[in-house]
Structures are given as structure tokens and as C-alpha cells.
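Visitor: Could you take me closely through the empty spaces inside this protein, and through the helices that surround them? I would like one connected account rather than a list.

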Amino acid sequence: MTIVLVNGNPETPAIWDLLSERLSEAGHADQVRLAPPGFGAPVPKDFHATIDGYRNWLVAALEEFRTPVDLVGHDVGGSRVIHVAMDRPDLIRTWCSDTIGTFDPDYIWHENAQIWQRSGDGEQWVAQQLALSSEQRAENLRSRGMQSTIATEVAKHFDERMGACILSLYRSSAQPTMAQLGNQLPAAATRPGLAIVATEDHFVGTDQQRLRSARRAGARAEILDGCGHWWMTEAGGEAGAAALDRFWSSVHGGYGH
């Protein structure tokens, strides 16, 4: 069966490089990476960079597959994975996300997101990022936990289009929007789900919020102790790949069955 990997912000599919290698070594070689518009992929002319726009983009992309997929998402890509699990479970076999805590009614957006959601402040933030060199942006990503080589690759792709998509998407995600979406979490239980809980990821809610939302979605939780926001790039991707392998094996009695 096909594994589909969806990256987030401010990223490209390069974030999956190390995890993808580990998954292939474990026998999960059938992988496809889907880059959301503006985050490693072109932005279509009439595309709306909002919660619903990205949800519709992912649904359309998944409809191109002949059979349901094992869907894995990170950051805002992870939030859209949950969105699809709630709305179109027929398109997926299993789902995995590291952002389920953002659907909790008590979730408060992190500091950068609050900047992006404010008119004027968000535009200033984008301008500041564009003024930096690619290496300066890469160093910022490294300082927050992204593996060095991947940070170098990801940082090359920050541009005005990505900046505009960030502002539009996060402004459409301001509370109470996420809490309202969270009311639908029980619908995600129609397919086996996995919530990645990286204990040092402080962007996507508290451990309590993530575990509470996982229970509401009928998902099992995998604790990645000591891992941060870019858990898939840490320690060669081994912890993340092992968590996914355990999940798929327990659900299907061995991958592919």
C-alpha cells in the first residue's frame, strides 16, 4: 500500500528525507510526498490558501490514488490530514499526525502564529525573513531543531509566495476556528489513527491537549520522548520510522495485509 507524506510550514518535502530512508529500510518503500501549494509546490492561479483550500487540495490529490492510502502529515500538513480523516475517511487506510493538540478547545496558538494572524505584524515578519540570506534562515531552523542538511535545503525555498500562504492560512485558522473543527474529531475514529507526541514540540499544544484530542479521535498516541517539532529529522529519522512501523504492523498484522 502507498504511504503519503504531507509537509507543513515553512517547509518543503525535504523534511521527510531521513524518515523516508528509514521507512524504506523497514520495507515501506511505496511512498509519495505531497507538497501543499506554496510549501514546496507551485500555487495554482485560483487557489485559496485557507484551511478549506488546503483541505480541498489534499482531498483532490488523494482522489487520484487507486486505493486508500496510509496518510502521514506534519505541522499544518498534519492538521489537514486530520481534516481529511474527519471528512473523507474513504480516501485513507490509516492516518498519522503530530498536530492533533491544535484541535483541543483550550489550544492557544504559538507566538509566531499569533504574529502571522495580525495584520501588519505578519507582513513585517515575512519582509524580515525575505531580507535574510538563505543560510541565515537555515541557521534559524537548525537552532529550533531541524537537522542541518535538511535545514539548508528547506531554507532555499522561502519566498514571497510561501510568505503569503503562511499569512492567509494562519489567519483562516485563528481561534475559535480550530476549536470548532475539533468538535468533529470523533469522526476521525472511523479509520485507525496515530498521534505523534514529541515531548519537546511546544508549537502544537501541551501533552495533555494532544492526548485528550487523540482519545476523542479514537487514535493511539506514540510518545517520542525528547524529540522536538522536527522529530522526523532527528537521530536519522529512526524514532519516527519505528513508531510508524509499529502502528502499521499492529493495525494490519504486518504491512501490506
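Guide: What follows goes from the open pocket to the helix pair beside its lining, then to the enclosed cavities, and ends with a second helix pair. The model is predicted, and every value below is computed from it.

The largest pocket has a volume of about 300 Å³. Its lining is made up of 20 residues, and those nearest the centre are Pro 10, Asn 112, Trp 125, Leu 141 and Arg 144. Five helices each contribute at least two residues to this lining, namely H4 (111-116), H5 (121-131), H6 (134-143), H7 (148-155) and H8 (160-172). Of the elements involved, H6 gives the most to the lining of the largest pocket, with three residues. Sorted by class, the lining of this pocket holds 11 nonpolar residues, six polar ones and three charged ones.

Two of the helices that supply this lining, H5 and H8, also pack against each other, with their axes 10 Å apart and at an angle of about 155°. Because angles over 145 degrees count as roughly antiparallel, H5 and H8 are therefore described as roughly antiparallel to each other. Their crossing is right-handed. On the H5 side the contact is formed by Gly 122, Glu 123, Trp 125, Val 126 and Leu 130, which meet Glu 160, Gly 163, Ile 166, Leu 167 and Arg 171 of H8. The contact of H5 with H8 comprises five nonpolar, two polar and three charged residues. Trp 125 thus appears twice in this account, being among the residues nearest the centre of the largest pocket and also one of the H5 residues that meet H8.

From the open pocket we can turn to the enclosed spaces, where the count comes to two cavities of 30 Å³ or more. The largest cavity has a volume of about 110 Å³, and 16 residues line it, with Val 76, Ser 79, Thr 102, Trp 109 and Tyr 170 lying nearest its centre. The elements that give two or more residues to this lining are helix H3 (76-87) and H8, and H3 gives the most, with three residues. By class, the lining of the largest cavity divides into eight nonpolar, six polar and two charged residues. H8 therefore serves two linings, since this helix supplies at least two residues to the largest pocket and two or more to the largest cavity, while also packing against H5.

The second largest cavity has a volume of about 40 Å³, and its lining consists of Asn 7, Pro 36, Phe 39, Tyr 54, Val 76, Gly 77, Arg 80 and Leu 169. Here again H3 gives the most, with three residues, and the classes come to five nonpolar, two polar and one charged. Val 76 is found in this lining and is also among the residues nearest the centre of the largest cavity.

One further helix pair deserves a look. The axes of H1 (residues 17-25) and H11 (residues 238-252) come within 8 Å and cross at roughly 45°, which makes H1 oblique to H11. H1 passes H11 in a right-handed crossing. Leu 19, Arg 22 and Leu 23 of H1 meet Glu 238, Gly 240, Ala 241, Leu 244 and Trp 248 of H11, and the residues of this contact divide into five nonpolar, one polar and two charged.

Definitions and conventions:
Residues are numbered from 1 along each chain as its sequence is written. This is a predicted model: local features need pLDDT of at least 70, side-chain atom pairs count only at pLDDT 80 or more; totals for chains, interfaces and linings use all residues. Side-chain values use heavy atoms; hydrogens and water are left out. Axes are lines fitted to C-alpha atoms, for helices over the stretch in contact, and angles run from 0 to 180 degrees between N-to-C directions. Helices (H or I, at least four residues) and strands (E, at least two) are DSSP runs, numbered from the N terminus. Angles under 35 degrees count as roughly parallel, over 145 as roughly antiparallel, 65 to 115 as roughly perpendicular and the rest as oblique. A crossing is left-handed if the near helix is turned anticlockwise from the far one by less than a right angle, and right-handed if clockwise. Contact means heavy atoms within 4.5 Å. Ala, Val, Leu, Ile, Met, Phe, Trp, Tyr, Cys and Pro count as nonpolar, Asp, Glu, Lys and Arg as charged, and the others, Gly among them, as polar. On a 1 Å grid over the protein atoms alone, a cavity is a set of points where a 1.4 Å probe fits but cannot get out, and a pocket is an open set with protein on both sides within 12 Å along at least five of seven lines; lining residues have an atom within 4 Å of a point. Grid points are joined across faces, edges and corners, and a volume is the space filled by probe spheres set on the points.
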